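Q: I have a structure open here and would like to talk through its fold. Could we begin with the overall picture and then move to details?
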Amino acid sequence: MSQAKSYAAFSADKPLAPFTFERRSPRADDVAIEILYCGVCHSDLHFARNDWGMSQYPVVPGHEIVGRVTAVGSDVSRFQVGDLVGVGCMVDSCRTCSACQEGVEQYCLEGFTMTYGSPDRQDGTLTQGGYSDAIVVSEHFVLKMPDGIDLASAAPILCAGITTYSPLKHFGVGKGHKIGVIGMGGLGHMGVKLAKALGAEVTVFTRSDAKVEEAKRNGADHVVVSSDPAQMEAVAETYDFMLDTVPVQHDLNPYLAALKYNGTHIIVGLLEPIEPTIEAFNLVFKRRVVAGSLIGGIAETEELLQLCADQNITCDIEMLDINDINEGFERMEKGDVRYRFVIEMATLKNTPA
(Lines give C-alpha, C1' and ligand atoms only; values in the text may rest on other atoms or scores of the structure.)
Protein backbone atom coordinates (compact mmCIF):
# COMPACT_ATOMS: atom_id res chain seq x y z
CA MET A 1 0.00 0.00 0.00
CA SER A 2 1.06 3.60 -0.51
CA GLN A 3 0.14 6.96 0.95
CA ALA A 4 -1.91 9.22 -1.33
CA LYS A 5 -2.38 12.96 -0.85
CA SER A 6 -5.74 14.42 -1.79
CA TYR A 7 -8.58 16.81 -1.12
CA ALA A 8 -11.71 15.20 0.33
CA ALA A 9 -15.20 16.05 1.48
CA PHE A 10 -15.68 15.16 5.14
CA SER A 11 -19.35 16.10 5.41
CA ALA A 12 -22.09 17.65 3.29
CA ASP A 13 -21.84 21.06 4.93
CA LYS A 14 -18.06 21.58 5.13
CA PRO A 15 -15.54 22.63 2.48
CA LEU A 16 -13.15 20.11 0.97
CA ALA A 17 -9.90 19.79 2.91
CA PRO A 18 -6.53 17.99 2.61
CA PHE A 19 -6.69 14.25 3.26
CA THR A 20 -4.04 11.52 3.28
CA PHE A 21 -5.13 7.90 2.83
CA GLU A 22 -3.89 4.47 1.73
CA ARG A 23 -4.05 3.37 -1.89
CA ARG A 24 -3.95 -0.38 -2.35
CA SER A 25 -0.94 -2.16 -3.77
CA PRO A 26 -1.55 -3.17 -7.39
CA ARG A 27 -3.36 -6.48 -7.83
CA ALA A 28 -2.39 -8.77 -10.70
CA ASP A 29 -4.63 -6.89 -13.17
CA ASP A 30 -4.08 -3.40 -11.77
CA VAL A 31 -2.41 -0.31 -13.16
CA ALA A 32 -0.93 2.26 -10.75
CA ILE A 33 -1.15 5.82 -12.06
CA GLU A 34 0.42 9.13 -11.10
CA ILE A 35 -2.36 11.67 -11.66
CA LEU A 36 -1.37 14.68 -13.73
CA TYR A 37 -4.76 16.30 -14.36
CA CYS A 38 -8.31 15.87 -13.08
CA GLY A 39 -11.40 17.59 -14.40
CA VAL A 40 -13.96 19.09 -12.02
CA CYS A 41 -17.46 17.82 -12.80
CA HIS A 42 -20.76 19.12 -11.44
CA SER A 43 -21.31 15.57 -10.15
CA ASP A 44 -18.34 16.10 -7.82
CA LEU A 45 -20.16 19.02 -6.22
CA HIS A 46 -23.41 17.04 -5.90
CA PHE A 47 -21.58 14.11 -4.32
CA ALA A 48 -19.56 16.24 -1.92
CA ARG A 49 -22.79 17.85 -0.69
CA ASN A 50 -24.75 14.59 -0.64
CA ASP A 51 -27.39 16.01 -2.96
CA TRP A 52 -28.24 12.48 -4.11
CA GLY A 53 -28.40 10.99 -0.59
CA MET A 54 -25.75 8.32 -1.22
CA SER A 55 -22.46 9.89 -0.12
CA GLN A 56 -20.22 8.26 2.48
CA TYR A 57 -17.45 10.31 4.06
CA PRO A 58 -14.64 11.04 3.73
CA VAL A 59 -14.82 10.92 -0.07
CA VAL A 60 -12.26 12.10 -2.63
CA PRO A 61 -14.13 13.29 -5.75
CA GLY A 62 -12.83 13.32 -9.32
CA HIS A 63 -13.60 11.05 -12.28
CA GLU A 64 -11.94 12.83 -15.22
CA ILE A 65 -8.41 11.58 -14.65
CA VAL A 66 -5.32 11.74 -16.87
CA GLY A 67 -1.99 10.43 -15.67
CA ARG A 68 1.15 8.37 -16.20
CA VAL A 69 1.57 4.67 -15.40
CA THR A 70 4.02 4.05 -12.54
CA ALA A 71 3.55 0.29 -12.00
CA VAL A 72 1.56 -2.63 -13.42
CA GLY A 73 0.39 -5.95 -12.02
CA SER A 74 1.74 -9.28 -13.22
CA ASP A 75 -1.24 -9.97 -15.52
CA VAL A 76 -1.36 -6.55 -17.19
CA SER A 77 -0.71 -6.69 -20.94
CA ARG A 78 -2.04 -3.41 -22.41
CA PHE A 79 0.06 -0.93 -20.44
CA GLN A 80 3.60 -0.39 -19.28
CA VAL A 81 5.36 2.05 -17.00
CA GLY A 82 5.48 5.50 -18.56
CA ASP A 83 2.30 5.21 -20.65
CA LEU A 84 -0.11 8.15 -20.63
CA VAL A 85 -3.58 6.95 -19.63
CA GLY A 86 -7.00 8.05 -18.47
CA VAL A 87 -9.64 6.91 -15.99
CA GLY A 88 -13.25 8.00 -16.32
CA CYS A 89 -16.41 7.59 -14.28
CA MET A 90 -16.13 3.86 -13.51
CA VAL A 91 -13.40 1.54 -12.30
CA ASP A 92 -15.14 -1.85 -12.32
CA SER A 93 -18.29 -3.79 -13.21
CA CYS A 94 -19.39 -7.42 -13.02
CA ARG A 95 -17.85 -7.96 -16.50
CA THR A 96 -20.10 -10.97 -17.19
CA CYS A 97 -23.66 -9.65 -17.68
CA SER A 98 -25.12 -8.91 -21.10
CA ALA A 99 -24.37 -5.18 -20.86
CA CYS A 100 -20.73 -5.74 -19.89
CA GLN A 101 -20.30 -8.33 -22.64
CA GLU A 102 -21.69 -5.83 -25.15
CA GLY A 103 -19.15 -3.21 -24.07
CA VAL A 104 -21.61 -0.90 -22.31
CA GLU A 105 -20.28 -1.41 -18.80
CA GLN A 106 -22.10 1.70 -17.61
CA TYR A 107 -25.33 -0.32 -17.80
CA CYS A 108 -23.90 -3.31 -15.86
CA LEU A 109 -26.87 -5.25 -14.53
CA GLU A 110 -25.22 -5.41 -11.10
CA GLY A 111 -24.31 -1.71 -11.22
CA PHE A 112 -20.89 -0.40 -12.17
CA THR A 113 -18.33 0.60 -9.54
CA MET A 114 -17.92 4.38 -9.53
CA THR A 115 -14.46 5.93 -9.50
CA TYR A 116 -15.29 7.40 -6.12
CA GLY A 117 -17.90 6.67 -3.48
CA SER A 118 -18.49 2.99 -4.34
CA PRO A 119 -17.52 -0.19 -2.46
CA ASP A 120 -14.64 -1.99 -4.16
CA ARG A 121 -15.97 -5.29 -5.53
CA GLN A 122 -13.11 -7.29 -4.00
CA ASP A 123 -12.34 -5.82 -0.59
CA GLY A 124 -15.33 -3.55 0.09
CA THR A 125 -13.29 -0.43 0.73
CA LEU A 126 -14.69 2.86 -0.54
CA THR A 127 -13.27 3.96 -3.88
CA GLN A 128 -11.55 7.33 -3.87
CA GLY A 129 -11.23 9.53 -6.93
CA GLY A 130 -8.93 11.82 -8.81
CA TYR A 131 -8.50 14.85 -6.55
CA SER A 132 -5.36 13.01 -5.46
CA ASP A 133 -1.81 12.39 -6.59
CA ALA A 134 -2.23 8.70 -7.49
CA ILE A 135 -4.82 6.01 -8.21
CA VAL A 136 -4.84 2.23 -8.75
CA VAL A 137 -7.34 0.84 -11.27
CA SER A 138 -8.01 -2.48 -12.98
CA GLU A 139 -6.48 -2.61 -16.46
CA HIS A 140 -9.88 -3.10 -18.14
CA PHE A 141 -11.03 0.34 -16.98
CA VAL A 142 -7.85 2.23 -17.89
CA LEU A 143 -7.97 4.18 -21.16
CA LYS A 144 -5.18 4.64 -23.66
CA MET A 145 -4.42 8.28 -24.43
CA PRO A 146 -3.74 8.69 -28.15
CA ASP A 147 -0.67 10.44 -29.47
CA GLY A 148 -1.06 14.15 -29.96
CA ILE A 149 -4.00 14.73 -27.66
CA ASP A 150 -3.76 17.66 -25.25
CA LEU A 151 -3.69 15.96 -21.86
CA ALA A 152 -5.26 18.70 -19.75
CA SER A 153 -8.19 19.35 -22.07
CA ALA A 154 -8.63 15.60 -22.58
CA ALA A 155 -9.56 15.09 -18.92
CA PRO A 156 -13.19 16.34 -19.24
CA ILE A 157 -13.63 14.25 -22.40
CA LEU A 158 -13.73 11.25 -20.03
CA CYS A 159 -17.06 12.49 -18.64
CA ALA A 160 -18.49 15.53 -20.44
CA GLY A 161 -17.24 14.26 -23.78
CA ILE A 162 -18.37 10.65 -23.56
CA THR A 163 -21.70 11.63 -21.99
CA THR A 164 -22.57 13.50 -25.17
CA TYR A 165 -20.77 11.26 -27.69
CA SER A 166 -22.34 7.97 -26.59
CA PRO A 167 -25.96 8.95 -27.36
CA LEU A 168 -24.94 10.64 -30.60
CA LYS A 169 -23.40 7.36 -31.75
CA HIS A 170 -26.15 5.14 -30.34
CA PHE A 171 -28.95 7.04 -32.05
CA GLY A 172 -27.00 7.39 -35.27
CA VAL A 173 -26.68 11.16 -35.41
CA GLY A 174 -24.77 12.16 -38.52
CA LYS A 175 -24.75 13.80 -41.93
CA GLY A 176 -28.17 15.02 -43.01
CA HIS A 177 -29.54 15.29 -39.48
CA LYS A 178 -30.56 18.44 -37.69
CA ILE A 179 -29.93 18.38 -33.95
CA GLY A 180 -30.68 20.86 -31.21
CA VAL A 181 -28.32 21.04 -28.24
CA ILE A 182 -30.13 22.39 -25.18
CA GLY A 183 -27.77 24.21 -22.82
CA MET A 184 -24.33 25.69 -23.41
CA GLY A 185 -22.25 24.47 -20.48
CA GLY A 186 -19.65 21.75 -19.99
CA LEU A 187 -21.80 19.07 -21.63
CA GLY A 188 -23.45 21.34 -24.16
CA HIS A 189 -20.33 22.79 -25.72
CA MET A 190 -18.89 19.29 -26.17
CA GLY A 191 -22.20 18.15 -27.67
CA VAL A 192 -21.93 20.90 -30.26
CA LYS A 193 -18.37 20.01 -31.22
CA LEU A 194 -19.02 16.28 -31.42
CA ALA A 195 -22.31 16.54 -33.33
CA LYS A 196 -20.53 18.78 -35.85
CA ALA A 197 -17.68 16.26 -36.11
CA LEU A 198 -20.25 13.57 -36.96
CA GLY A 199 -21.66 15.71 -39.75
CA ALA A 200 -24.90 17.03 -38.25
CA GLU A 201 -26.33 20.53 -38.56
CA VAL A 202 -26.33 21.92 -35.02
CA THR A 203 -28.54 24.48 -33.33
CA VAL A 204 -27.89 25.57 -29.74
CA PHE A 205 -30.93 26.37 -27.58
CA THR A 206 -30.10 28.78 -24.77
CA ARG A 207 -32.15 31.04 -22.52
CA SER A 208 -29.37 33.63 -22.50
CA ASP A 209 -28.70 36.16 -25.27
CA ALA A 210 -25.19 36.39 -23.86
CA LYS A 211 -24.40 32.86 -25.02
CA VAL A 212 -25.34 33.36 -28.67
CA GLU A 213 -21.84 34.35 -29.76
CA GLU A 214 -20.29 31.71 -27.51
CA ALA A 215 -22.35 29.03 -29.20
CA LYS A 216 -21.29 30.20 -32.64
CA ARG A 217 -17.64 30.29 -31.59
CA ASN A 218 -17.95 26.66 -30.57
CA GLY A 219 -19.24 25.71 -34.01
CA ALA A 220 -23.04 25.97 -33.78
CA ASP A 221 -24.69 26.59 -37.13
CA HIS A 222 -27.65 28.35 -35.52
CA VAL A 223 -28.72 29.63 -32.10
CA VAL A 224 -32.26 29.84 -30.74
CA VAL A 225 -33.02 31.86 -27.61
CA SER A 226 -35.57 29.52 -26.08
CA SER A 227 -37.10 32.22 -23.84
CA ASP A 228 -38.34 33.99 -27.00
CA PRO A 229 -41.70 32.44 -28.07
CA ALA A 230 -41.35 33.78 -31.61
CA GLN A 231 -37.98 32.07 -32.09
CA MET A 232 -39.36 28.80 -30.72
CA GLU A 233 -42.41 28.95 -32.95
CA ALA A 234 -40.18 29.54 -35.97
CA VAL A 235 -38.38 26.21 -35.44
CA ALA A 236 -41.44 24.03 -34.73
CA GLU A 237 -41.11 20.48 -36.14
CA THR A 238 -37.58 21.16 -37.44
CA TYR A 239 -35.20 18.78 -35.67
CA ASP A 240 -34.43 15.07 -35.82
CA PHE A 241 -32.86 15.06 -32.36
CA MET A 242 -32.58 17.12 -29.21
CA LEU A 243 -29.57 16.60 -26.94
CA ASP A 244 -30.71 17.92 -23.57
CA THR A 245 -27.75 18.77 -21.32
CA VAL A 246 -29.58 20.91 -18.74
CA PRO A 247 -28.97 19.51 -15.21
CA VAL A 248 -31.98 21.10 -13.49
CA GLN A 249 -35.73 20.70 -13.93
CA HIS A 250 -37.09 22.44 -17.02
CA ASP A 251 -40.07 22.23 -19.34
CA LEU A 252 -39.47 19.68 -22.11
CA ASN A 253 -42.67 20.43 -24.00
CA PRO A 254 -41.44 23.41 -26.05
CA TYR A 255 -38.43 21.37 -27.20
CA LEU A 256 -40.58 18.36 -28.05
CA ALA A 257 -42.66 20.66 -30.26
CA ALA A 258 -39.46 21.56 -32.13
CA LEU A 259 -38.89 17.91 -33.11
CA LYS A 260 -40.06 16.41 -36.37
CA TYR A 261 -42.30 13.36 -36.26
CA ASN A 262 -40.17 10.37 -35.20
CA GLY A 263 -37.88 12.83 -33.42
CA THR A 264 -35.92 11.85 -30.32
CA HIS A 265 -35.29 13.97 -27.22
CA ILE A 266 -32.20 12.62 -25.42
CA ILE A 267 -31.68 13.53 -21.76
CA VAL A 268 -28.10 13.44 -20.51
CA GLY A 269 -28.08 16.20 -17.87
CA LEU A 270 -31.13 15.71 -15.67
CA LEU A 271 -31.24 13.14 -12.85
CA GLU A 272 -34.30 14.55 -11.09
CA PRO A 273 -38.01 13.98 -11.83
CA ILE A 274 -39.16 15.65 -15.03
CA GLU A 275 -41.26 18.70 -14.14
CA PRO A 276 -43.50 20.13 -15.42
CA THR A 277 -45.29 17.09 -16.78
CA ILE A 278 -44.70 16.03 -20.36
CA GLU A 279 -47.83 16.48 -22.44
CA ALA A 280 -48.56 13.10 -24.02
CA PHE A 281 -50.02 14.89 -27.03
CA ASN A 282 -46.49 16.00 -27.92
CA LEU A 283 -45.40 12.37 -28.08
CA VAL A 284 -48.41 10.47 -29.39
CA PHE A 285 -49.37 12.70 -32.33
CA LYS A 286 -45.83 12.79 -33.73
CA ARG A 287 -44.43 9.43 -32.57
CA ARG A 288 -41.69 11.23 -30.69
CA VAL A 289 -39.44 9.55 -28.15
CA VAL A 290 -37.95 10.79 -24.87
CA ALA A 291 -34.77 8.85 -24.11
CA GLY A 292 -31.89 8.93 -21.66
CA SER A 293 -28.21 8.08 -21.85
CA LEU A 294 -25.44 7.56 -19.27
CA ILE A 295 -21.71 8.19 -19.91
CA GLY A 296 -20.27 5.48 -22.23
CA GLY A 297 -18.42 2.17 -22.33
CA ILE A 298 -14.66 1.73 -22.21
CA ALA A 299 -14.15 0.88 -25.89
CA GLU A 300 -16.45 3.72 -26.92
CA THR A 301 -14.50 6.18 -24.75
CA GLU A 302 -11.21 5.16 -26.36
CA GLU A 303 -12.88 5.61 -29.77
CA LEU A 304 -13.89 9.12 -28.72
CA LEU A 305 -10.39 9.99 -27.50
CA GLN A 306 -8.97 8.96 -30.87
CA LEU A 307 -11.59 11.01 -32.71
CA CYS A 308 -10.71 14.05 -30.62
CA ALA A 309 -7.00 13.55 -31.28
CA ASP A 310 -7.55 13.09 -35.02
CA GLN A 311 -9.84 16.12 -35.41
CA ASN A 312 -8.24 18.33 -32.75
CA ILE A 313 -11.44 18.47 -30.70
CA THR A 314 -10.80 19.84 -27.22
CA CYS A 315 -12.81 20.76 -24.18
CA ASP A 316 -12.62 24.44 -23.26
CA ILE A 317 -10.94 24.50 -19.86
CA GLU A 318 -9.64 26.73 -17.09
CA MET A 319 -6.75 25.39 -15.05
CA LEU A 320 -7.24 25.25 -11.27
CA ASP A 321 -4.87 25.01 -8.33
CA ILE A 322 -6.26 22.23 -6.13
CA ASN A 323 -5.86 24.45 -3.09
CA ASP A 324 -8.55 26.65 -4.68
CA ILE A 325 -11.02 23.77 -5.15
CA ASN A 326 -13.67 25.22 -2.84
CA GLU A 327 -13.62 28.52 -4.72
CA GLY A 328 -13.83 26.47 -7.90
CA PHE A 329 -16.94 24.69 -6.60
CA GLU A 330 -18.55 28.05 -5.82
CA ARG A 331 -17.79 29.41 -9.26
CA MET A 332 -19.00 26.22 -10.96
CA GLU A 333 -22.28 26.41 -9.03
CA LYS A 334 -22.75 29.95 -10.36
CA GLY A 335 -21.91 28.91 -13.90
CA ASP A 336 -18.77 31.06 -13.77
CA VAL A 337 -16.48 28.79 -15.80
CA ARG A 338 -16.11 28.28 -19.54
CA TYR A 339 -16.59 25.39 -19.54
CA ARG A 340 -14.68 23.04 -17.29
CA PHE A 341 -12.14 23.42 -14.50
CA VAL A 342 -9.16 21.08 -14.71
CA ILE A 343 -6.91 20.61 -11.69
CA GLU A 344 -3.19 20.55 -12.36
CA MET A 345 -2.26 17.93 -9.81
CA ALA A 346 1.29 19.21 -9.41
CA THR A 347 -0.29 21.93 -7.26
CA LEU A 348 -1.08 19.25 -4.68
CA LYS A 349 2.60 19.25 -3.73
CA ASN A 350 2.03 22.68 -2.17
CA THR A 351 -0.86 21.46 -0.03
CA PRO A 352 -0.36 21.49 3.75
CA ALA A 353 -0.04 18.01 5.26
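Q: What share of the contacts in the protein chain with a separation of 6 or more comes from residues 24 or more positions apart?
A: Such residues account for 67% of those contacts. Please keep in mind that this is a predicted model.

Q: What radius of gyration does the protein chain have, and what would a compact globule have?
A: The protein chain has 20 Å, and a compact globule of 353 residues would be near 20 Å, so the two agree. Along the principal axes, the C-alpha atoms fill a box of roughly 60 × 40 × 40 Å.

Q: How many of the residues count as buried, as a percentage?
A: Of the 353 residues, 54% count as buried.

Q: And how many helices and strands are there?
A: The secondary structure comes to eleven helices and 17 strands.

Q: Let us turn to the sheets. What is the strand order in the open sheet of six strands?
A: The order is β12-β11-β10-β13-β14-β15, and the pairing is parallel. The edge strands are β12 (222–225) and β15 (289–292), each of which pairs on one side only. Neighbouring strands of this sheet are turned by 20° against each other on average, direction ignored.

Q: How many bridges hold β10 and β13 together?
A: Four bridges, in the parallel sense. Within that pairing, Gly180 has Met242 in β13 as its bridge partner.

Q: What about β3 and β4: parallel or antiparallel?
A: Strands β3 (residues 30–40) and β4 (residues 65–72) run antiparallel and are joined by seven bridges. Val31 stands opposite Val72 in β4.

Q: Which strand does β4 also join through four bridges?
A: That is β5 (residues 84–87), again antiparallel to β4. There, Ile65 stands opposite Val87 in β5.

Q: Now the helices. Why is α5 described as largely enclosed?
A: Ten of its twelve residues are buried, so the helix is largely enclosed by the rest of the structure. The buried residues include Gly186, Leu187, His189, Met190 and Lys193.

Q: What covers them?
A: The covering elements include α4 (160–170), β10 (178–182), β11, β13 (239–244), α10 (298–311) and β17 (340–344).

Q: Does the helix span match or miss what its twelve residues should give, and what are the numbers?
A: The span agrees: at 1.5 Å a residue, helix α5 (residues 186–197) should span 16 Å, and its end C-alpha atoms are 17 Å apart.

Q: Which residue with a positive phi follows α5?
A: Gly199 follows, with a phi near 100°.

Q: How many residues of α4 are buried?
A: Nine of its eleven residues are buried, so to speak of α4 as mostly covered is justified by the 20% limit on relative accessible area. Among the buried residues are Ile162, Tyr165, Pro167 and Leu168. The elements covering them include β10, α5, β13, β14 (259–267), α10 and β17.

Q: And which residue comes just after α4 with a positive phi?
A: Gly172, whose phi is about 75°.

Q: Changing topic to aromatics: how many aromatic pairs are there?
A: The count comes to seven aromatic pairs, taking ring centres within 6.5 Å as the rule. One of them joins Phe47 and Tyr116, with centres 5.2 Å apart and planes at 90°, so this pair is edge-to-face.

Q: Where do Phe47 and Tyr116 lie along the chain?
A: Phe47 is in helix α1 (residues 42–48), while Tyr116 is in the loop between β7 (113–114) and β8 (134–138). The two are 69 residues apart, and the pair links distant parts of the chain.

Q: Is each ring residue buried or exposed?
A: Phe47 is buried at a relative accessible area of 3%, and Tyr116 counts as buried at 4%.

Q: What is the geometry of the Phe205 and Tyr255 rings?
A: Their centres are 5.8 Å apart and their planes are at 85°, so this pair is edge-to-face. Phe205 lies in strand β11 (residues 201–206) and Tyr255 in helix α8 (residues 253–257), so the pair ties together parts 50 residues apart in sequence. Phe205 counts as buried at 1% relative accessibility, and Tyr255 counts as buried at 8%.

Q: Lastly, which residues do ring pairs link into a cluster?
A: The cluster consists of Phe10, Phe19 and Phe21.

Key: Residues numbered from 1 in each chain as written. Predicted model: local features only at pLDDT ≥ 70, side-chain atom pairs only at ≥ 80, totals over all residues. Heavy atoms only, no water. Phe/Tyr/Trp six-rings, centres within 6.5 Å; stacked < 30°, edge-to-face > 60°. Buried < 20%, exposed > 50% of the residue type's maximum accessible area, 1.4 Å probe, protein only. Expected span 1.5 Å × (residues − 1). Contact = heavy atoms within 4.5 Å. Pairing = 2+ DSSP bridges. Axes fitted to C-alpha atoms, helices over the stretch in contact; angles between N-to-C directions. Rg over C-alpha atoms; globule rule 2.2 N^0.38 Å.
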